[in-house]
Amino acid sequence: MMIRLVTFDALHTLVTPRLPIYIQYSQTFAPFIGDLDPNSIKQSFKVALKQVQQEMPVYKSDNGAQGWWAEVIKRTAIGAGADRTAVESSLPEMVPKLLHRFSSKEGYKLFDESIFVLRELHRMKIRTALISNTDARMRLALDDLDVSKYFNPMLLSEEVGIEKPDVEIFQRACQKTTYLDGNVADTVSPQEVVHVGDELVCDYNGAQSAGMEALLIRRPGPEGESERREDGENIQGLSVVNDLWGVVEWVKAHNSNASHGS
């Protein structure tokens, strides 16, 4: 079947931190709890994030996403060697600063080709949507980067209460939406959708479980260092693209084959 909708993951697929997250954390921490070793922050952040994701999935904490991230930030700082008392007394100031930073282009930037690929897909009359395991601040960041208008729908896990790889979040993207010009688009079947993301389990396997085509993005060099790669992952035989232009070429080839009945 012809591809009529491309759904994208957000972080490390369309957008990337303007500076590595651990550097931005280090910069924000310094005035409050002193200088911490950036490499220690990098390792501590990974541990803290994984722990909190397991303990409180879909940003479910007593104080919503802000409380969820406050716990990640606290564990990151303490795990990197900061004094616990100093961290806890500084959290009311550090948390809002970090949350604001990562809700705008201060914290994030688009990959160089992102906007051009989105425009090209719309020129090809291919709809685009977003499916992201992030909180509502990603919507603010994409607004600030002036690309929100390309995503209909925009499904953020905090807002919908579901996380990838749950098939329901992928199925919701197939519902009736509208094009940028206001024309109504018919509901699409999963077989008419390809999902693009950097996580093997959440993005690639999740999309395939929902009946969609899937593309795994694996950028070469420094641009791909932050992608979520599984330890010892085997991606042989999977559909992999090296950048977002690879998505355009894949869609063109797939639709050309479909139109010729092959």
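Here are some notes on a predicted model, taking the sheet, a few helices and two single residues in turn.

1. Start with the sheet. Six strands make up an open sheet, and reading across gives β5-β4-β1-β8-β9-β10, with parallel pairing. The edge places go to β5 (154-156) and β10 (240-241); each has a single partner strand, so one side of each has no neighbour in the sheet.

2. Now look at β1 (5-8) and what flanks it. On one hand, β1 is joined to β4 by four bridges, and the two run parallel; here L5 sits opposite R127 of β4. On the other, four bridges also link β1 to strand β8 (residues 193-197), again running parallel, and F8 is the residue facing V196 in β8.

3. β4 (127-132) deserves its own look. How many of its six residues are buried? Six of the six are, and the strand is mostly covered. The cover applies to both faces: R127, A129 and I131 are buried on one side, and T128, L130 and S132 are buried on the other. β4 also pairs in parallel with β5 through three bridges, and there I131 stands opposite L155.

4. Helix α5 (residues 114-123) is worth finding next. Seven of its ten residues are buried, so the rest of the structure largely encloses this helix. The buried ones are S114, I115, V117, L118, E120, L121 and H122. And what lies over them? The cover includes β1, β3 (108-110), β4 and α10, so-called neighbours you can pick out on screen. Just past the helix, check K125: α5 is followed by this residue, and its phi is positive, near 65°.

5. Then there is the pair α3 and α4. The axes of α3 (residues 64-79) and α4 (residues 84-101) approach within 9 Å and cross at roughly 130°. That angle makes α3 oblique to α4, and the crossing is right-handed. On the α3 side the contact uses Q66, W69, A70, I73, K74, A77 and I78, while α4 brings R84, V87, E88, L91, V95, L98 and L99. By type, the residues in this contact split into ten nonpolar, one polar and three charged. If the spacing of those positions catches your eye, recall that an α-helix has 3.6 residues a turn, so residues three or four places apart point the same way.

6. Another helix to place against the sheet is α9 (residues 200-209). It lies across β8 and β9 (213-217), and runs at about 160° to β9.

7. Zoom in on V193, a residue of strand β8. Is V193 buried or exposed? It is buried, because its relative accessible area is 0%. Not counting neighbours within four places in sequence, V193 is in contact with I3, L5, T7, C174, V188, M212 and E213. It is also worth checking against the start of the chain: the C-alpha atoms of V193 and M1 are 9.3 Å apart, although 192 residues separate them along the chain.

8. Finally, try H254, which belongs to helix α10 (residues 245-259). Its relative accessibility is 18%, so H254 counts as buried, the cut-off being under 20%. Which residues does H254 touch, leaving aside those within four places in sequence? The contacts are M1, I3 and E213. Two of these names, I3 and E213, also turned up in the contacts of V193.

How values were computed. Residues are numbered from 1 along each chain as its sequence is written. This is a predicted model: local features need pLDDT of at least 70, side-chain atom pairs count only at pLDDT 80 or more; totals for chains, interfaces and linings use all residues. Side-chain values use heavy atoms; hydrogens and water are left out. Axes are lines fitted to C-alpha atoms, for helices over the stretch in contact, and angles run from 0 to 180 degrees between N-to-C directions. Angles under 35 degrees count as roughly parallel, over 145 as roughly antiparallel, 65 to 115 as roughly perpendicular and the rest as oblique. A crossing is left-handed if the near helix is turned anticlockwise from the far one by less than a right angle, and right-handed if clockwise. Contact means heavy atoms within 4.5 Å. Ala, Val, Leu, Ile, Met, Phe, Trp, Tyr, Cys and Pro count as nonpolar, Asp, Glu, Lys and Arg as charged, and the others, Gly among them, as polar. Buried means under 20% relative accessible area, exposed over 50%, partly exposed in between (1.4 Å probe, protein chains only). Two strands pair if DSSP finds at least two bridges between them.
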